[in-house]
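Open the model in your viewer and keep the sequence panel beside it. This tour gives one selection at a time and says what is there.

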Amino acid sequence: GRDRDLAGRHLVVSAGGTREAIDPVRFIGNRSSGLQGLALARTALARGAEVTLLAANVALPDPPGAKVVRVESALELREAVLAAAETADAVVMAAAVADFRPAATSDSKIKKTAGEPDPIRLVQNPDILAELGERRRTGRLPGATVLVGFAAETDDVLANGAAKLARKGCDLLVVNQVGAGKAFGTPDNAATILSTGAPPLEIPLGPKEGLADTVWDLVSTRLS
Ligand code: C5P
């Protein structure tokens, strides 16, 4: 059974959504609540794992027993993930990472001016999951480290998901079907889990804990 099947494992979970600062009071963010990441942390702890939770702007109580590292931006999350990954059996990237950040962060609050405001120039953030995949491929991470990504897709779930799985070099990709009251901020989730070397697995709409346990089942199989 699942009882303590993850004992002795160090599992790293990122949760929430990054904030990319524009000035001291403003940021570019997203609607990720952190609920799915917290469900992953709680279920892993219940199954005996040591859990490092990298919490990006999560406004929810810490899961008792987890080592929690708070981060704000994608660059901070990257540092925390790369450090924690060195001793991880699995890394699950459930956080919504901003693809772009302002090229510069103003030290003082940007004032309202007459006329056209200045545009905010954006630069690309590193793709943390792809970097983990690359590190594993080149031996900077142990080959046995299991890498899991999450993705939100509205259409062509299988084709887009398979391409993303390959591009990021991860083992599992949990594709959320977004829209119609699903995913963001709700306790329920529906998903398709794409897995290298296995057929896709449909997870019907249900509690985020159920999806989390299924992810850990697949991780546990790969670890044993
Ligand atoms: O490419 P996309 O954003 O759809 O991929 C989502 C997955 O990749 C998530 O697991 C997310 O945490 C991760 N990601 C990342 N670094 C980024 C963007 C996404 O690790 N810059």
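Start by selecting Thr 18, a residue that counts as buried because its relative accessible area is 1%, under the 20% cut-off. Bear in mind that this is a predicted model. Thr 18 lies in the loop between β1 and β2.

Now show what surrounds Thr 18. Setting aside neighbours within four places in sequence, Thr 18 is in contact with Ile 28, Gly 29, Asn 30, Ala 56, Asn 57, Glu 72, Ser 73, Ala 74, Leu 77, Ala 96, Val 97 and Ala 98. Pick Ile 28 from that list and draw a C-alpha to C-alpha distance to Thr 18: the two are 10 residues apart in sequence and 8.4 Å apart in space.

**Next: Ala 74 and helix α2**

Another contact of Thr 18 is Ala 74, so select Ala 74, which is buried at a relative accessible area of 1%. Ala 74 belongs to helix α2. Which residues does Ala 74 touch, not counting those up to four places away in sequence? They are Thr 18, Glu 20, Val 97, Ala 98, Asn 125 and Ile 128. For a longer view, draw the C-alpha to C-alpha distance from Ala 74 to Val 219: these residues are 145 apart in sequence and 25 Å apart in space.

Extend the selection to the whole of helix α2, residues 74-85. Its 12 residues reach 16 Å from the first C-alpha to the last, close to the 16 Å expected at 1.5 Å a residue. Colour the buried residues of α2: Ala 74, Leu 77, Arg 78, Ala 80, Val 81, Leu 82, Ala 84 and Ala 85. What covers these buried residues? The cover includes the strands β1 (10-16), β2 (20-23), β4 (50-56), β5 (67-71) and β6 (90-93), together with helix α3 (128-137).

**Next: Leu 194**

Move to strand β11, residues 188-195, and select Leu 194 there. Is Leu 194 buried or exposed? Leu 194 counts as buried, at 6% relative accessibility. Beyond four places in sequence, Leu 194 touches Val 157, Leu 158, Gly 161, Ala 162, Leu 165, Asp 171, Leu 172, Leu 173, Val 175 and Pro 200. Draw a C-alpha to C-alpha distance from Leu 194 to Val 174 as well: they are 20 residues apart in sequence and 6.3 Å apart in space.

**Next: Arg 42 and helix α5**

Select Arg 42, found in helix α1 (residues 35-46). At 37% relative accessibility, Arg 42 counts as partly exposed, since that class runs between 20% and 50%. Apart from neighbours within four places in sequence, Arg 42 is in contact with Pro 63 and Glu 209. Leu 6 is 36 residues from Arg 42 in sequence and 12 Å from it in space, C-alpha to C-alpha.

Then select helix α5, residues 208-223. Helix α5 has 16 residues and reaches 22 Å from its first C-alpha to its last, close to the 22 Å expected at 1.5 Å a residue. Its buried residues are Lys 208, Leu 211, Ala 212, Asp 213, Thr 214, Val 215, Trp 216, Val 219, Ser 220 and Leu 223.

**Next: two backbone angles**

Most residues other than glycine have a negative phi. Select Arg 4, in the segment before β1. Arg 4 is not a glycine, yet its phi is positive, about 55°. Arg 4 counts as exposed, at 53% relative accessibility.

Now go to Asp 156, in the loop between β9 (146-153) and α4 (157-168). Its phi is near 50°, again a positive value in a residue other than glycine. Asp 156 is exposed, with a relative accessible area of 55%.

**Last: the whole chain**

Clear the selection and show the full protein chain, with its 5 helices and 12 strands. The radius of gyration is 18 Å, close to the 17 Å that the globule rule gives for 224 residues, so the chain is as compact as a globular protein of that length. Along its principal axes the C-alpha trace spans about 65 × 35 × 35 Å.

Of the 224 residues, 47% count as buried. Among contacts with a separation of 6 or more, 61% are between residues 24 or more positions apart. If you switch on the surface, the chain exposes about 11300 Å², of which carbon and sulfur atoms supply 53%. Finally, colour by charge: the mean positions of the 26 positive and 27 negative charges are 2 Å apart.

Conventions
Residues are numbered from 1 along each chain as its sequence is written. This is a predicted model: local features need pLDDT of at least 70, side-chain atom pairs count only at pLDDT 80 or more; totals for chains, interfaces and linings use all residues. Side-chain values use heavy atoms; hydrogens and water are left out. Helices (H or I, at least four residues) and strands (E, at least two) are DSSP runs, numbered from the N terminus. The radius of gyration is taken over C-alpha atoms; the globule rule is 2.2 Å times the number of residues to the power 0.38. Buried means under 20% relative accessible area, exposed over 50%, partly exposed in between (1.4 Å probe, protein chains only). Contact means heavy atoms within 4.5 Å. Accessible areas come from the Shrake-Rupley method with a 1.4 Å probe; for residues, only the protein chains shown count as cover. Lys and Arg count as positive and Asp and Glu as negative; His and the chain ends are not counted. The place of a charge is taken as NZ of Lys, CZ of Arg, CG of Asp or CD of Glu. The expected span of a helix is 1.5 Å times one less than its number of residues.
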